[in-house]
Structure formats: structure tokens, C-alpha cells
Amino acid sequence: MTSQYDVIIIGAGITGLSAGNSLVNAGVSFAILEKEERVGGQIETLSQNGFTFETGPNTGAIATPEVAELFEDLIGEVDLEVAHTGVANNRWIWKKDRFHPLPSGPVSGLLTPLFSFKDKLRILGEPFRPAGNNPDETLASLAERRLGKSFVQYAVEPFVGGVYAGDANTLIVRHAFPKLYRLDAEHGGFIRGSIKKMRTPKSEREKKATRAVFSALGGFQNLISALESKLNRNGEIQTGVDILNIAFDNTQKIWKVEIRERASGMEKTLRSKSILSTVPAYTLPSLMPWLSDPLKNALQNLVYAPVIEVSIGFDRFPGHINTKAFGGLIPPVENRKILGILFPSSTFTGRTPHPDSALFTIFMGGVRFGEQLLSQSNEEITETALGELYCMLGIPSSLKPSLLYVSKHPKAIPQYTLHMNNLLPLVKEAEENFPGLLLAGGLRDGIGLANRITQGRSIGNRLGAQYSKTKQTHE
């Protein structure tokens, strides 16, 4: 059996689904191929004992117009939920024996015990420090140069642990945080650059990027389900599929993908003008053995941080324990056993069975400790997570949780280290050598939900414009 499409997308995670949504809008034919029996990739929302919790990404930021536009496309099928006012910007950092609010302004910045007095004074001189001249500067180096060591220890490093589950001493700023890199390189500093950006007029579309913390009402699974429903009405998503071969027919200038449906055992050949891969980097060498050896080596050597999430719920939670925050992050210098704690029940609605219930997500592992944690049993992991949670929040030992759920992600988050200098040119070379090939997903363009949605929509819009214009020309 043979089917013809304009685009074949490999991977039904949020990137592939976002791209497919743009193709639907453009009226371009596509098929999405997914190895697993479900769509969504790392995104999955579960409900147990009255608690609704994520086993993958918990939140995103409306950092680009594309995020808002995706929800606009799905009006009536899923609702965007923005974090509760006053909670999303209340973020805590652990120091010594308690959590402290991360400063949100000049006064709190001067009064906070998180940073040294010397580094607080250094802030006054930040706008006058010269821009860096090292394109491969790490985030830790940039932050220490502009702000001081205590800012690295008690702001930058916990932030990196919460976002990348990584190490600020190895993440390259221009790859991992390109906007921050441009503030330094192009505007001469964080304060100068931020002021200039604030004064620059924004278009109506740019104003959609509010940077608000978001989820989907009822959990991200509802966003995935809405996309799946729309795409199946207008295209084709095939789950439980094994890809047997991917080849480019240079004579016909067409891609041929041979697949087997595991449920039926049926084999098919799909043809398309373009192949968009959104799967993790380490899966590509076996899927596409015809890629160059240097690229296959670079893809296999991209480091991924392991992450373990422990969802913990309490039916009745003491009202005197403060949980009115987005969450708390743990600096590596504090030598605790977790990366951070999120408070989903404080941030979003409908996540708990009762008004006085509480839901927490504990993040553990990362590049420092992930491998050793993966070898532990779920019982050992929950014992550690509960010990840290009870200690940090002062929860009475007599209070027992009614929800405990462990999610392990051995290869959760790609690390944009110096290795990217080698990988990205090889990816570009492959796309130039094979017409219609696009290698996307988390191996480039950022790792957050906003990055994934933006990349998917941007590529889908580009392919949609290309093939809808081609169709009009033929007609």
C-alpha cells in the first residue's frame, strides 16, 4: 500500500503536533508517524485520587506569539490557563535552612539575604561593564562577570537546575539562552538591554508574548487531545508505528518511508516531498543511517539530563504552611537531594480533590545526580523526596500523603553545551544535502514548551506556504 503526502512528520510530541496544526491551517496534506501508542511525547497528565498532575513538563511561558496563537487556533477545544496572579512571580530559593523569595525589585534586591553585600553594590556598575567577547562563554561565567558569584550561586544555578536540570558552568549562553546573550553582546548588559527592549514599541502580534506562566485548563493533556482531534479530522496521525526505512529518491525528488503497523502487522510505503523529524537526537542515527558519520556521532553524543518527578498530594493540608508561590529552587551549593519543588495546586485551578488539599511536584536528578537516582527503586526515590519536602516546608510527620507517583525520564532535557558548535553546522549541512529534510525537535532552538511550539509552528507555516503556493501554481 502506498500513500502520498506533502509532508511526513516523524514524532507526535508537541513540536510535531504544532507543525501539523500549521499544515492544517494551510490546507497541506501530511501524516504524523509515532512509535508509541499515544501522542504527546513527554507530555502526559494523569488523574489519581482526585489529583490532576503532570508526569512531564508542568508549565510553560507565553514567551512568543506562537504560543498564544496555538491556543487561538484551538478555541472551543481547549482553554489556555494562566497561573494565578500573585503566585507565578513569587519564586523561592533555598539558603541555609529556609526558602527566601527571589527579589522582584530594587528594594527586595537590597534586603534579600540571598546575595552578598558586595555583589548587591556591583549591580550599580552592571550597565557600565563592557560586553563580553567570547562567543562560547558559559552562563556561569557571564553571570559572574556582570553580577557576581553570589548571584551565580543563588539565582543562576538554581534557575538552570529548574529549567535545564543542567550545569551553568557548561551551558553556552548563545545556544541555551540566546536572548540573554544578545542583551550582553548587542546592548552592553542586562540592565541597558532590558531598558532598551522596554522602550521599543511592540506590534500587536508581539504583545501576545506576555511571558505569563501557562498551562491548559485541566492539564496539558487537554492541549494534546485537542491537537490530536483537529489533526485527525484534517490529516493523519499513525501511532504504534515502526519505521523500517527512510530513503530519498534522487530521480523523482521524493521521500519514501516504509512502515509497519504493530497492531495489524501491515506494511505500507508513504511518499512525501518533505520529511520533518521532531524525535530526540539519539534516535536519528538508526532511523537515518545514511546521515554522515560526523553527524551521527554528534547526535549520539548530545548529552541529555535525566529527570525524576515525584508527584505528592495531601487530601487535607495545614493552612498555616505557606505554599503561596510558584515553587522553590535549590542551589547546588546547598547540597540538598532535590532540584526543586513546584506547587501546582497554588498555581492552577482544579488540580486537587478539596479546597484545602495540596499538590507538590518534586524534581530530582539532573546532570549531576540523575544517573545514580535512575538506578534506585521508586520506594527509595519517594523516601528521599518526602524527606526533603517535609523538612523544607515543615510538614508534620503525622501527615501522610494520599498521592505518590514517580515518573522517570532517563533522557529528559538536551544540554546545549560547547558540543552544539559541532552539531548545528552538521545539521544544516544535512538539510542542504537532502532536499526536503528538516531535523528539528529539542536538538536545536530551545528546550522549553514555548520553544517547541514556536519551532513547530514556524516550520509548519514555512512548509504550508511553500506547498500551498506550489498547489496554486499547478492549478
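Angles between helix axes here run from 0 to 180 degrees between N-to-C directions, and the axes are lines fitted to C-alpha atoms over the stretch in contact. Keep that in mind for the first stop, and remember throughout that you are looking at a predicted model.

**Stop 1: α12 and α16**

Select residues 293–300, which form helix α12, together with residues 420–433, which form helix α16. Their axes lie 9 Å apart, and the two helices pack at an angle of about 135 degrees. The pair is therefore classed as oblique. Turn the view to follow the crossing of α12 past α16, which is left-handed.

Now show side chains. From α12, pick Pro294, Leu295, Ala298 and Leu299; their partners in α16 are Asn422, Leu423, Leu426, Val427 and Ala430. What is the make-up of this contact by class? Eight of its residues are nonpolar and one is polar, with no charged residue taking part.

**Stop 2: α5 and α6**

Move next to helix α5, residues 139–146, and helix α6, residues 149–163. Here the axes come within 9 Å and the crossing angle is roughly 145 degrees. Is the crossing of α5 past α6 left-handed or right-handed? This one is right-handed.

For the contact itself, highlight Leu139, Ala140, Ala143 and Glu144 on the α5 side, then Lys149, Val152, Val156 and Val160 on the α6 side. Colour them by class and you should find six nonpolar and two charged residues, with no polar ones.

**Stop 3: the largest cavity**

Time to look for empty space. A search of the whole structure turns up one cavity of 30 Å³ or more. To find the largest cavity, select its lining: Glu54, Asn58 and Thr59, then Phe326, and then Leu342, Phe343, Pro344, Thr347, Phe348 and Arg351. The space inside comes to about 60 Å³. Five of the lining residues are nonpolar, three are polar and two are charged.

**Stop 4: the second largest pocket**

Finish at the second largest pocket, with a volume of about 240 Å³. Its lining has 14 residues, and those closest to the pocket centre are Thr323, Lys324, Ser346, Pro355 and Ser357, so centre your view on them. Across the whole lining of this pocket, seven residues are polar, five are nonpolar and two are charged.

Definitions and conventions
Residues are numbered from 1 along each chain as its sequence is written. This is a predicted model: local features need pLDDT of at least 70, side-chain atom pairs count only at pLDDT 80 or more; totals for chains, interfaces and linings use all residues. Side-chain values use heavy atoms; hydrogens and water are left out. On a 1 Å grid over the protein atoms alone, a cavity is a set of points where a 1.4 Å probe fits but cannot get out, and a pocket is an open set with protein on both sides within 12 Å along at least five of seven lines; lining residues have an atom within 4 Å of a point. Grid points are joined across faces, edges and corners, and a volume is the space filled by probe spheres set on the points. Ala, Val, Leu, Ile, Met, Phe, Trp, Tyr, Cys and Pro count as nonpolar, Asp, Glu, Lys and Arg as charged, and the others, Gly among them, as polar. Helices (H or I, at least four residues) and strands (E, at least two) are DSSP runs, numbered from the N terminus. Angles under 35 degrees count as roughly parallel, over 145 as roughly antiparallel, 65 to 115 as roughly perpendicular and the rest as oblique. A crossing is left-handed if the near helix is turned anticlockwise from the far one by less than a right angle, and right-handed if clockwise. Contact means heavy atoms within 4.5 Å.
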